[in-house]
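Colleague: I am in my first year and still learning to read structures like this one. Please pick a single side chain to start from, take a close look at its surroundings, and then walk me outward from there.

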Amino acid sequence: MSYSAGRRPYEAASKASHHHIINDSAVQSLMGRIYMPRRDDAINPLDICCDYLPPQTNPVEAVIAVDGGYTEVVVEQKYPSRLIHFLQFGALMFKTDDLRTLERAPFIAPEDMSKLKNIQRLKLALPTKGIRLDEEITLKGSILKTIYEFFRDNNLAEAQSLLDTLAWFIFRRYKGGQRQDEDKKWVLATNPLSPTGERVTLIESQMDSDYTFPCPETGGRIFLTDVFRLHEVIDEETGAGGILGYLVNAIEHLIIVHLVRNLLLRQPDVLQKVFFIKDGPTGLFGQTARLHEPMRDLVTWLLDSHNIYLAGFEKSGAFVEHAQAIQQIIPSGKVIILTDDYIYRHILPGNPDPTDPPYASTSNYGHKVIFKTPAGQMHVVSIPVKELKKQPSVNDIPNLQAILANVELLHCDMYDSALFPVALVNKLVSLSAYPSQRILQKFATSSIG
């Protein structure tokens, strides 16, 4: 690590130190042990392609796309720096008939376009380094309380808050009288209030009306939102920048769960006419990964009792790069259902051992497919399933053809592999480096007392 820039010249890196690495016997030994999958050991993607067979009648009448974004703001330039992150989330809703009408129109009027921009926004300001709330004495306590209050105070124009929906989701309240005893408690791997980080069990019957639990060690209150376990990666000195990706993904999922819940309460028949789209794969990662278990339970219950059309769309990463690499050899109108063998031989380093659990079984609740539309566009789509398998087939992915039919319908040419609702909701909630970040910085510095 070099010295930081100050009044003296910047410390430049050495231009001759690389020979110490190249001539080191331990490094040479390690390089000799690195394995790269052999191309001649690969699986021909044409061998595992299946046909795209869109249904004659599209069951989807409306689309809801959810996305979130954030930007970092420095509220004090002096060292150590003090940071706040501003986050914004949106749920974009429109009817597929409005989109078709727009496609057929010779001219697009502003009022027609406004029908496709029906969005509900959620905003959050999160202190992430060198700063805290007035009533809290630590950065960790400030962040956990801010997240708790965000879930408590936002409801997306519904009667229940996001916090109430989180309880509905975690404790499987949607099952009603069919809940098991295990559904009514949540084992938290580390207690955020414990000096030693001991495990604690959150029991639904002990939850107060404000969605907090008594801490058995300190007598303090544990927030329901502490199930995200973000306290494990918050450091008082280096800050909490590492939680942002996990938090955004978890909130995006909870927004979808909240909308599903309220549709079930008001118009359960409408639920199976709505296509929910999430930016990114169908999984929860890092500290929030265990939430994939209640998400998979909810999806299974919905598929058994109502049906649901839900998919995640990947815009970047190893799977998207692979889809682009094979675009020329895959015929249009074909689908590759990615098996463990294929993933570990073509896309990721790993071992396709038949005795190991399926790929990403500790974080994902859906299978990935690569879809080449009849028009030739490539998409990486994640679709929820009841059970992850190492060698999934067409029959293991519910609503596959209907979901792909709507992917084809919603395609747009703004970017490679773009979907219209995903691109639009991203435009409406993302925060630019300029001028948004500069304006938010002035807002933050003028607002902090």
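Modeller: Happy to! One term comes before anything else: a polar contact is a pair of N or O atoms within 3.5 Å, and inside a protein one of the two must be able to donate a hydrogen while the other accepts it. Please also keep in mind that this is a predicted model.

Our starting point is Q401, which you will find in helix 12, residues 400-410. Is its side chain buried or exposed? The relative accessible area of Q401 is 16%, and the cut-off for buried is under 20%, so Q401 counts as buried. Now look at what the side chain touches. A polar atom of the Q401 side chain lies 2.8 Å from the backbone nitrogen of L53. The side chain of Q401 also reaches the backbone oxygen of D51, at 3.2 Å. Both distances, 2.8 Å and 3.2 Å, fit within the 3.5 Å limit for a polar contact. Which residues does Q401 touch beyond its neighbours within four places in sequence? They are D51, Y52, L53, P54 and P55. Try showing those five residues together with Q401, and you will see a run of chain with low numbers beside a residue with a high one.

Next, let us walk to strand 9, residues 274-279. Six of its six residues are buried, so strand 9 is largely enclosed by the rest of the structure. Here a general rule helps: in a regular strand the side chains alternate between the two faces of the sheet. In strand 9, V274, F276 and K278 belong to one side, F275, I277 and D279 belong to the other, and both sides are covered.

What pairs with strand 9? Strand 2, residues 62-76, pairs with strand 9 in the parallel sense over five bridges. A good place to find this pairing on your screen is A62, whose bridge partner in strand 9 is V274. Strand 10, residues 309-314, is also joined to strand 9 by five bridges, and these two strands run parallel. Here you can look for F275, which stands opposite Y309 in strand 10.

Strand 10 leads us to a charged pair. The side chains of E314 and K368 meet in a salt bridge, with N and O 2.2 Å apart. E314 lies in strand 10 and K368 in strand 12, so this pair ties together parts that are 54 residues apart in sequence. Are the two partners buried or exposed? E314 is buried, at 10% relative accessible area, and K368 is buried too, at 7%.

Now follow K368 into strand 12, residues 366-372, where seven of seven residues are buried. Strand 12 has partners of its own. Strand 11, residues 334-337, is joined to strand 12 by four bridges, and the two run antiparallel. Within that pairing, V335 stands opposite F371. Strand 13, residues 378-384, is joined to strand 12 by seven bridges, again antiparallel, and V369 stands opposite V381 there. Strands 12 and 13 form a hairpin with five residues between them, and in it G376 takes a positive phi near 100 degrees.

For contrast, here are some salt bridges whose residues have other accessibilities. A search of the whole structure finds 20 salt bridges. One of them joins the side chains of R82 and E76, at 3.0 Å from N to O. R82 is partly exposed, at 31%, and E76 is partly exposed as well, at 32%. R152 forms a salt bridge with D153, the closest N and O atoms being 2.8 Å apart, and R152 is partly exposed, at 39%. There is also a network of salt bridges, which links R173, R179 and E204.

Let us finish on the outside. M36 sits in the loop between helix 2 and strand 1, and at 66% relative accessibility M36 counts as exposed. Together with L30, M31 and I34, M36 makes a nonpolar surface patch of about 460 Å². Set that beside where we began: M36 is exposed, whereas Q401 is buried.

How values were computed: Residues numbered from 1 in each chain as written. Predicted model: local features only at pLDDT ≥ 70, side-chain atom pairs only at ≥ 80, totals over all residues. Heavy atoms only, no water. Buried < 20%, exposed > 50% of the residue type's maximum accessible area, 1.4 Å probe, protein only. Pairing = 2+ DSSP bridges. Contact = heavy atoms within 4.5 Å. Patch = residues over 30% accessible without salt bridge, like charges linked within 9 Å, V, L, I, M, F, W, Y side chains within 5 Å. Areas by Shrake-Rupley, 256 points an atom, 1.4 Å probe, with all protein chains shown as cover. Salt bridge = Lys/Arg side-chain N within 4 Å of Asp/Glu carboxyl O.
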